[in-house]
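Here is a short briefing on one structure. Keep the sequence and the coordinates open while reading.

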Amino acid sequence: MLEGRFVLGRVSDVRTVAADSDLLALVLGPDGGAAMLRDDMAEGGWVALWNGDDAHDPEVTGMLSAIVAPLAASGLPVWTAASYDGDLVLVPADRLEEAVGVLRRAGHQVTV
């Protein structure tokens, strides 16, 4: 788990997003984009789980689905982004304990 709380927001113009220490991820798509920004004071913030400490080759299949599938089966919302070596999986901060339990029961090691 990464330190801090994060908020998700729509980005219609990438030039409006400051590339500073508060930016965790910026994802651009056909609909514009989205940013994950650190905001420890945000109500309804998200926590970020990271599986890249032991980098995996992008060709390895099933890494993200092994994490997201049990969370989805338990009714937990997620928001994801990937870097070259790993994946960010955000879950609502107020459901962190539940998410950790679900992942541990699915056989994952989670450090909080």
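Strands β2 (residues 23-29) and β3 (residues 32-38) pair in the antiparallel sense, over six bridges. This is a predicted model. The points below go from this strand pair to a surface patch, then to the salt bridges and helix α2.

**Strand pair β2 and β3**
- The connection between β2 and β3 is a hairpin of two residues.
- L26 has its bridge partner in β3, namely A35.
- In a regular strand, side chains alternate between the two faces of the sheet.

**Nonpolar surface patch**
- V14, L26 and L28 make a nonpolar patch on the surface, with an area of about 250 Å².
- L26 therefore has two roles to note: bridge partner of A35 and member of the patch, where residues need over 30% relative accessible area.
- V14 comes from the loop between β1 (6-11) and β2.
- The relative accessible area of V14 is 38%, so V14 is partly exposed.
- That value clears the patch cut-off, because patch residues need over 30% relative accessible area.

**Salt bridges**
- How many salt bridges does a search of the whole structure find? The search finds two.
- One links D40 and R38, with the closest N and O atoms 3.0 Å apart.
- D40 is partly exposed, at 42% relative accessibility.
- R38 is also partly exposed, at 30%.
- R38 is a residue of β3, as that strand covers residues 32-38.
- Another salt bridge links R95 and E98, and here the closest N and O atoms are 2.9 Å apart.
- R95 counts as partly exposed, with a relative accessibility of 24%.
- E98 is partly exposed too, with a relative accessible area of 34%.
- Side chains of opposite charge can pair when their charged atoms come close.

**Helix α2**
- Which residues of helix α2 (residues 96-105) are buried? They are L96, A99, V100, G101, V102 and L103.
- E98 lies within the residue range of α2, but E98 is partly exposed, because its relative accessible area of 34% falls between the 20% and 50% limits.
- The cover over the buried residues of α2 includes strand β4 (46-50), helix α1 (63-73) and strand β6 (87-92).
- Just after α2 comes G107, which takes a positive phi of about 100 degrees.

Notes. Residues numbered from 1 in each chain as written. Predicted model: local features only at pLDDT ≥ 70, side-chain atom pairs only at ≥ 80, totals over all residues. Heavy atoms only, no water. Buried < 20%, exposed > 50% of the residue type's maximum accessible area, 1.4 Å probe, protein only. Helix = DSSP H or I, 4+ residues; strand = E, 2+ residues; numbered from the N terminus. Contact = heavy atoms within 4.5 Å. Pairing = 2+ DSSP bridges. Patch = residues over 30% accessible without salt bridge, like charges linked within 9 Å, V, L, I, M, F, W, Y side chains within 5 Å. Areas by Shrake-Rupley, 256 points an atom, 1.4 Å probe, with all protein chains shown as cover. Salt bridge = Lys/Arg side-chain N within 4 Å of Asp/Glu carboxyl O.
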